[in-house]
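Work through the exercises below with the model open beside you. Try each task before you read its solution.

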Amino acid sequence: MYSEKVMDHFQHPRNVGEIENASGVGTVGNAKCGDIMRMYLDIDDNGIITDCKFKTFGCGAAVATSSMATELVKGKTIEEALKVTNKAVMEALDGLPPVKVHCSLLAEEAIHAALWDYAEKNGIKIEGLSKPKSDISEDEEEEEY
């Protein structure tokens, strides 16, 4: 049902925790399943994500996608992090069962929410970034996987 990578990131999640005085913090959830994901980003003066941590309340797939998302954005520029999609998270985990795809959407939205917070705090606009939703279940019906 779950790939070895999903199980590994669930049982041994990377980058769990909080970043004090984070450059950006994003919290998103899915009211239908109850998952809540908070992503913390530390971004240096060159726009490089030097650290990324998460706290997730949810199922194993939510923990695994959070863990993988932090691995995918750490060391990247803001622009590169913005391109980390739910599909990229799923591919990096060798796939997710269809009923757990929403967890990867949550991870993508958490990254975007943290980047949005960073942009707001610094009075900047990040090209291609729109205001994230706090509840991803709002559009789930129309989403194409």
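## Exercise 1: Charged pairs

Start with one residue: Lys-74 has a relative accessible area of 31%, so Lys-74 is partly exposed. Keep in mind that this is a predicted model.

**Task.** Find the salt-bridge partner of Lys-74, and say where the two residues sit.

**Solution.**
- Step 1. Look for a carboxyl oxygen within 4 Å of the side-chain nitrogen.
- Step 2. Asp-51 fits: the closest N and O atoms are 3.5 Å apart.
- Step 3. Place the pair. Asp-51 is in strand 3, and Lys-74 is in the loop between helix 2 and helix 3.
- Step 4. The two are 23 residues apart, so this salt bridge links distant parts of the chain.

**Task.** How many salt bridges does the model have? Examine two others, Lys-55 with Glu-18 and Asp-94 with Lys-5.

**Solution.**
- Step 1. The count is five salt bridges.
- Step 2. Take Lys-55 and Glu-18. Their side chains meet at 2.8 Å, N to O.
- Step 3. Lys-55 belongs to strand 3, while Glu-18 lies in the loop between helix 1 and strand 1, 37 residues apart.
- Step 4. Check accessibility. Lys-55 is partly exposed at 41%, and Glu-18 is partly exposed at 47%.
- Step 5. Now take Asp-94 and Lys-5. Their closest N and O atoms are 3.9 Å apart.
- Step 6. Asp-94 is in the loop between helix 4 and helix 5, and Lys-5 is in helix 1, so the pair ties together parts 89 residues apart in sequence.
- Step 7. Asp-94 is exposed, with a relative accessible area of 51%. Lys-5 is partly exposed, at 37%.

## Exercise 2: Strands and turns

**Task.** In which sense do strand 1 and strand 2 pair, and over how many bridges? Do likewise for strand 2 and strand 3.

**Solution.**
- Step 1. Strand 1 and strand 2 pair in the antiparallel sense, over seven bridges.
- Step 2. For an example, take Gly-24. Its bridge partner in strand 2 is Leu-41.
- Step 3. Strand 1 and strand 2 form a hairpin with four residues between them. In the turn, Gly-34 has a positive phi of about 90°.
- Step 4. Strand 2 and strand 3 also pair in the antiparallel sense, over eight bridges.
- Step 5. Met-39 has Phe-54 as its bridge partner in strand 3.
- Step 6. The hairpin of strand 2 and strand 3 has five residues between the strands, and Gly-47 there takes a positive phi near 80°.

## Exercise 3: Helix 2 and helix 5

**Task.** Check the span of helix 2 and of helix 5. Then decide: is each mostly buried or mostly exposed?

**Solution.**
- Step 1. Helix 2 has 14 residues. At 1.5 Å a residue, it should span 20 Å.
- Step 2. The end C-alpha atoms of helix 2 are 20 Å apart, which agrees.
- Step 3. Helix 5 has 22 residues and should span 32 Å; its end C-alpha atoms are 32 Å apart, which agrees too.
- Step 4. Turn to burial. In helix 2, 11 of the 14 residues are buried, including Ala-61, Met-68 and Val-73.
- Step 5. The cover over these buried residues includes helix 1, strand 2, strand 3, helix 3, helix 4 and helix 5.
- Step 6. In helix 5, 18 of the 22 residues are buried, so helix 5 is largely enclosed by the rest of the structure.
- Step 7. See what comes next. Gly-75 follows helix 2, with a positive phi near 85°. Gly-123 follows helix 5, with a positive phi near 60°.

**Task.** Which element gives the most residues to the largest nonpolar core?

**Solution.**
- Step 1. This core has 40 residues. Among those with the most contacts inside it are Met-39, Val-73 and Leu-115.
- Step 2. Elements that each supply at least two residues include strand 2, strand 3, helix 2 and helix 5.
- Step 3. Helix 5 gives the most, with 12 residues.

## Exercise 4: Cysteines

**Task.** Why is there no bond between Cys-59 and Cys-103?

**Solution.**
- Step 1. A disulfide needs two cysteine sulfur atoms within 2.5 Å.
- Step 2. The sulfur of Cys-59 is 3.7 Å from that of Cys-103, so the gap is too far for a bond.
- Step 3. The structure holds zero disulfides. For Cys-52, the nearest cysteine sulfur is that of Cys-103, 17 Å away.
- Step 4. Cys-52 is buried, with a relative accessible area of 0%.

Conventions. Residues numbered from 1 in each chain as written. Predicted model: local features only at pLDDT ≥ 70, side-chain atom pairs only at ≥ 80, totals over all residues. Heavy atoms only, no water. Expected span 1.5 Å × (residues − 1). Buried < 20%, exposed > 50% of the residue type's maximum accessible area, 1.4 Å probe, protein only. Core = buried A, V, L, I, M, F, W, Y, C linked by side-chain atoms within 4.5 Å. Pairing = 2+ DSSP bridges. Contact = heavy atoms within 4.5 Å.
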